[in-house]
Amino acid sequence: MAAATATTATFAVAKRLASSSPKLKQRFSLLSSHKKPTSLFPASFAPLSIRRPQPLRFSTVPKISAIISVGDKLPDATLSYLDSSDELQTISVSDLTSNKKTVVLAVPGAFTPTCSQKHLPGFVEKAAEFKAKGVDTIACISVNDAFVMKAWKENLKVGDEILLLSDGNGDFTRAIGCELDLSDKPVGLGVRSRRYAMYVEDGVVKILNLEEGGAFNVSSAEDMLKAI
């Protein structure tokens, strides 16, 4: 009964509105219209994209290091060379560097390409400039015997401006932690010295330009002249 009465009342209201003014129809339409629910975000708002975490990346570039470093005193060792009469002579690292300003360069091997074409010749060419900076001695060390070192000196026509010294057993090279193991190479060089150049005052390392293996990037004569 109540439902029928409500239906009749709704029908009566609708009929009355049908005959009412257009303005009243418009107001009723606004009140009765069902709008779609608005979005929780304004139209101009774009949800932030979620970035996936990137995997950690670690450098694969090896760190260049040695036992010896700037500020250290060089360990003593005995080096050798052949004099002009082919007599074997020895000199200690202590005698080579004590109370002196010394430049020491090391090469992986006598007669090898970079050592013969670039590294040692550069120091021969710039020897006078090192002397002008107060350097007393320039010495080139290699894990080769004294006979090979003299033959290399003669081959490159190196004079007395640079001492070519043999660390034949690698004692000094091992003591400063600069071994370079080339025994797995087909040429069969065995254990040699990494390439480096250092500036030493009274036996103490002041500048150390150490290469990775046998690379030639920071140990040239020009690099050392700029650093001293």
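## Around C115

Leaving aside neighbours within four places in sequence, C115 is in contact with V107, P108, G109, L120, P121, W152 and R195. This is a predicted model, so it is worth reading these contacts as features of a prediction. C115 is found in helix α4, and UniProt lists C115 under "active site" in an unreviewed entry. With a relative accessible area of 1%, C115 is buried, because buried means under 20%.

What about disulfides? The count comes to zero. C115 is in no disulfide, and the nearest cysteine sulfur, that of C140, is 7.8 Å away. Another cysteine, C178, is buried as well, at a relative accessible area of 0%.

## S116, next along α4

S116 also has its place in helix α4. Is S116 buried or exposed? At 15% relative accessibility, S116 counts as buried. Setting aside neighbours within four places in sequence, its contacts are F111, P121, W152 and L156. P121 and W152 thus appear in the contact lists of both C115 and S116.

## Helix α6 and its two faces

W152 leads us to helix α6, which spans residues 146–155 and has A146, M149, K150 and W152 buried. Why do these residues belong to one side of α6? They cover an arc of only 160° around the axis, which puts them on the same side of the helix. The face turned away from that buried side carries the exposed residues F147 and E154.

The cover over the buried residues of α6 includes several elements. Among them are the strands β1 (78–82), β2 (88–92) and β3 (101–107), together with helix α4 (113–125). Strands β4 (137–142) and β5 (163–166) are included too. Helix α4, home to C115 and S116, is therefore part of what covers the buried residues of α6.

Both ends of α6 have something to look at. At the N-terminal end, D145 acts as a cap, with a side-chain oxygen 2.9 Å from the backbone nitrogen of F147. Just after the helix, K157 takes a positive phi of about 55°.

## Strand β3 between two partners

How much of β3 is buried? Six of its seven residues are, so the strand is largely enclosed by the rest of the structure. β3 is joined by six bridges to strand β8 (residues 196–201), and these two run antiparallel. Within that pairing, T102 has V200 of β8 as its bridge partner.

β3 also pairs with β4, this time in the parallel sense and over six bridges. Here L105 is bridged to C140 of β4. C140 is the cysteine whose sulfur is the nearest to that of C115.

## Loops on either side of β3

Most residues other than glycine have a negative phi. That makes the next two residues worth a look. N99 lies in the loop between α3 (93–97) and β3, and its phi is near 55°, a positive value in a residue other than glycine. N99 counts as exposed, at 71% relative accessibility.

F111 lies in the loop between β3 and α4. Its phi is near 70°, again positive in a residue other than glycine. F111 is partly exposed, with a relative accessible area of 43%, and it is one of the contacts of S116.

Key: Residues numbered from 1 in each chain as written. Predicted model: local features only at pLDDT ≥ 70, side-chain atom pairs only at ≥ 80, totals over all residues. Heavy atoms only, no water. Buried < 20%, exposed > 50% of the residue type's maximum accessible area, 1.4 Å probe, protein only. Helix = DSSP H or I, 4+ residues; strand = E, 2+ residues; numbered from the N terminus. Arc of directions from axis to C-beta. Contact = heavy atoms within 4.5 Å. Polar contact = N/O pair within 3.5 Å; in protein donor to acceptor, adjacent residues only side chain to side chain. UniProt positions renumbered as here; feature names shortened; annotations may be inferred. Pairing = 2+ DSSP bridges. Disulfide = S-S within 2.5 Å.
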